[in-house]
Amino acid sequence: MSSESAPKTILITGAAGFIASHVTKRLVSNYPNYKIIALDKLNYCSSLKNLQPCFTSSNFKFVKADIASSDLINYLLDAEEIDTIMHFAAETHVDNSFGNSFEFTTNNIYGTHVLLEACKVTRRINRFIHVSTDEVYGESDLETDIGNPEASQLLPTNPYSATKAGAEMLVMAYHRSYGLPIITTRGNNVYGPNQFPEKLIPKFVLLAMRGDPLPIHGNGSNVRSYLFCGDVAEAFDVILHKGVIGHVYNIGTKKERSVVDVARDICNLFGFDIEKALHFVNDRPFNDKRYFLDDQKLKKLGWEERTPWEAGLRMTIAWYRENPDWWGNVGHALHPHPRISMSVPSHTEEEFLMMQYTTSGISKSELKFMIYGRTGWIGGLLGKICMEKGIPYAYGRGKLEDRKMLLNDIRSLRPTHVINAAGVTGRTNVDWCETHKLETIRTNVVGTLNLADVCHQEGIYLMNFATGCIFQYDKDHAQGSGRGFKEEDEPNFTGSFYSKTKAMVEEMLREYNNVCSLRLRMPISSDLSNMRNFITKITRYSKVVNIPNSMSVLDELLPISIEMAKRKCKGVWNFTNPGIVSHNEILELYKEYIDPKFKWVNFNLEEQAKVIIAPRSNNELDVSKLKKEFPELLSIKDSIIKYVFEPNKRVK
C-alpha cells in the first residue's frame with residue numbers, strides 16, 4: 001500500500017500521557033487542517049496539563065474515556081468520522097506490572113482488542129499505528145553490536161512486555177484476517193519534560209532536587225538507550241505520513257547508557273558527589289540487562305535523532321525545576337520499587353471542565369475556584385453552579401486536617417478563591433456529633449482553621465460555610481418579636497456539640513482578614529428527594545414541633561454566595577432569607593402544592609426532647625446586611641414558593 005498518508009481526523013489514545021502528549025501537541029500545532037481527537041481516561045500517570053497548549057486550538061478536541069468501553073469507541077469512530085488511529089494508551093511501568101499484572105492485561109490487551117474490533121466494524125480507518133516497546137524482543141546479548149531488527153522473534157520477559165507482545169499479536173491478526181491498515185512501532189526509552197516520575201530519569205531528577213539519594217536497582221549495570229521526547233514526536237510524525245502499512249518500525253538509538261551512567265550524569269549537573277548520592281537497592285524480580293535495536297529502517301524514511309544526551313538532560317532538569325508540583329504529591333512514585341494502582345485517577349471530571357473553561361476562554365474573569373466538600377450537599381451544588389456560570393473550578397483533594405495536602409492542592413491548581421463547604425453536621429442529624437466528638441473537632445475546628453491559615457499564608461480568599469444554629473430565642477430576641485440576631489451578637493446556644501464547635505471556629509475566623517463566613521440555617525432546596533433537605537426531613541417525621549425559624553433556600557442563596565466570593569465579601573454574614581417561617585406553614589404549603597392528602601402531628605419541645613439527644617437551635621437572624629448587598633433577595637416564604645413548591649407543583 002502507498003506509504004504516503006494525509007489523514008483528516010486522528011484519534012490519539014492515551015493522549016494525556018507522556019509520549020502521546022508530545023505527539024499530540026506537535027500534530028495540533030503543525031497540521032491545522034487535521035482534526036485531532038485526544039482520548040484519555042486520566043489515570044495516575046496522565047495529566048490534562050500535558051495537553052494544555054492544545055485546548056485553545058480549533059482543530060483539537062478532548063474526550064475523557066476508557067478504550068475498554070466498546071460502545072463509546074464504536075460511537076466515537078463513527079460520530080467523529082475518524083480515519084486514523086495512533087494507539088498509545090497502555091500501562092507501561094515494569095515495576096507496577098509485577099504487582100498489578102491483571103490490570104496490564106486488561107488495559108494493554110483487552111483495550112487494544114476493543115479498538116481493533118471497532119475498526120473492523122466501522123470500516124473507515126485508513127491507518128492504525130500501534131505503539132509497542134523494545135521490551136517485546138526480550139533481553140539483548142551484552143556482547144553483540146547488532147541490534148534487533150523488526151523481524152526478530154518476540155521473547156518478552158516481564159508481565160508488561162508480555163502484554164505488549166500479546167497486543168501486537170492481535171494487531172497483526174486483524175491486519176492479516178480483516179485487512180486492517182496496521183503499522184507497529186517499537187521504541188527505546190523516552191525522557192523529557194512532563195514525564196511521570198516513576199520512570200528512571202524524572203525520578204532521579206526529583207530526588208536530586210530534594211537532596212535525596214538515587215536508588216539503583218541491583219548493581220546498576222543494566223544499559224538502556226534513551227531518546228528525547230521531541231525527537232520521538234518527530235518520529236511518529238514521519239511514521240504517520242510515510243510509514244508503510246503492515247510494517248514494523250523501531251524507534252531507537254545505538255547510544256547506550258547504564259543506570260549508573262545516568263545517575264552520574266544527573267549528579268554532575270546538580271554538582272553532587274556521585275559516591276555519596278547513590279543508594280543500591282534490591283533488583284527487580286527479572287531485570288533485562290540490555291535492549292538494543294536496529295534503527296536503520298526508520299532512518300530510511302528520513303528520521304534521525306537530533307537532541308544530544310546532555311542537552312536533552314539539561315532541558316529536562318530545567319523543566320522539573322520550573323514545574324516541581326506538576327504531578328502533585330509523588331512520594332509513592334519515588335519509592336525504589338513503586339506499586340501504584342492503575343485505577344487511581346489523576347483528574348476529576350471537574351478538573352477536566354476547569355481545564356476546558358480556562359483554556360477555551362469561556363471565563364473571561366480569570367477566576368479559578370477550589371471547593372472543599374465534594375461529597376457534601378452544599379459542595380456538590382456549588383460545583384454545578386460554577387459549571388453553569390462558566391467559572392473554572394476544582395474540588396480540593398486534601399483532608400482539611402492535613403496541612404501539607406492543602407498546600408499541595410493550592411500550589412498545584414493556584415485558585416483565586418477557596419470555598420469550604422466541608423464539615424461534620426452529623427450522620428442523619430446533629431445527634432451523631434454528641435457521640436463522635438473527636439471526629440467533629442478534627443473537621444469543624446482543626447480542619448477549618450487549618451484551611452483558613454493556609455489560605456491566609458498563600459494570600460488566597462476563603463469563603464467558609466458556617467451555621468446560624470448558634471443562637472436561641474431569649475428575652476432580647478423573643479419569638480415573634482421580629483428582632484433577629486445580628487452578625488456581631490455573641491452566640492448564646494450551647495445545647496449541641498455541633499453548635500459549640502461551629503461557634504468556636506466562627507469567633508476564631510474573625511481574626512483572619514481573608515475569610516468570609518456565611519451562616520446557613522435549616523437549608524432547603526427544590527430537590528425534595530434529598531433527605532438533607534429540611535422540607536423533606538419534616539415531611540418524613542412522625543411528629544414535628546411548630547416553631548418559626550430563619551431558613552436558607554439554597555436555590556436562591558448559593559448563586560448569591562458565588563457572587564459574594566467574586567466580590568470578595570469579608571467577615572460574618574447571616575445567610576438566610578429575610579423573615580421567618582414555621583414548620584406548620586411549610587407543611588401547609590407542602591399539602592397545597594404537593595400532596596393534598598398529607599397530614600402531620602405536632603408535639604412540643606418537651607416531648608421532642610425525649611426522642612433526641614441534643615437540643616435544637618431555634619432563632620431568627622437579622623439579614624439586613626445581606627439584603628442591603630442584594631436588594632432582590634426574596635423573603636423566606638416567597639422564596640420557598642418560587643424555588644421549591646412552584647417547580648414541584650402537583651399536576652392536577
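User: In which order do the 3 strands of the open sheet with mixed pairing stand?

Analyst: The order is 7-9-11. The model is predicted, and local features are reported only at pLDDT of at least 70, side-chain atom pairs only at pLDDT 80 or more, while totals for chains, interfaces and linings use all residues. Residues are numbered from 1 along each chain as its sequence is written, and side-chain values rest on heavy atoms, without hydrogens or water.

User: Why are strand 7 and strand 11 called edge strands?

Analyst: Strand 7 (189-191) and strand 11 (256-258) each pair on one side only. From one strand to the next, the twist averages 50°.

User: How do you know that strand 9 and strand 11 pair?

Analyst: Pairing requires that DSSP find at least two bridges between two strands. Strand 9 (residues 223-228) and strand 11 share 3 bridges, in the antiparallel sense, and the requirement is therefore met. Ser225 stands opposite Glu256 of strand 11. Strands are DSSP runs of E with at least two residues, and helices are runs of H or I with at least four, both numbered from the N terminus.

User: What makes helix 8 a neighbor of this sheet?

Analyst: Helix 8 (residues 259-270) packs on the sheet and touches strand 9 and strand 11; a contact is a pair of heavy atoms within 4.5 Å. The direction of helix 8 makes about 85° with that of strand 11, where axes are lines fitted to C-alpha atoms (for helices over the stretch in contact) and angles run from 0 to 180 degrees between N-to-C directions.

User: Which strands form the parallel open sheet, and in what order?

Analyst: This sheet has 7 strands in the order 3-2-1-4-5-6-10. Its edges are strand 3 (60-64) and strand 10 (248-251), and its twist averages 20° from one strand to the next. Strand 1 (residues 9-13) and strand 4 (residues 84-87) run parallel, joined by 4 bridges; within them, Ile12 has Met86 as its bridge partner. Helix 5 (residues 159-178) packs on this sheet, touching strand 5 (127-133) and strand 6 (182-187), at about 155° to the direction of strand 5.

User: Which members of the largest nonpolar core touch the most other members?

Analyst: They are Ile12, Met86 and Phe236, in a core of 74 residues. Helix 7 (residues 229-242) supplies the largest share of this core, 8 residues. A nonpolar core is a set of buried Ala, Val, Leu, Ile, Met, Phe, Trp, Tyr and Cys residues joined through side-chain atoms within 4.5 Å. Leaving aside residues up to four places away in sequence, Met86 has among its contacts Ile12, Val23, Ile129, Phe236 and Leu240. Another core lies apart, with 32 residues, including Tyr395, Ala421, Leu557 and Leu633.

User: Which residues of helix 19 are called buried?

Analyst: Among them are Leu554, Leu557, Leu558, Ile560, Ile562 and Met564. Buried means under 20% relative accessible area, exposed means over 50%, and partly exposed lies in between, with a 1.4 Å probe and protein chains only. Of the 652 residues in the protein, 56% are buried.

User: How do you know that the length of helix 19 agrees with the expected span?

Analyst: The expected span is 1.5 Å times one less than the number of residues. Helix 19 (residues 554-567) has 14 residues and should therefore span 20 Å; its end C-alpha atoms are 19 Å apart, which agrees. Lys568 follows helix 19, with a positive phi near 55°.
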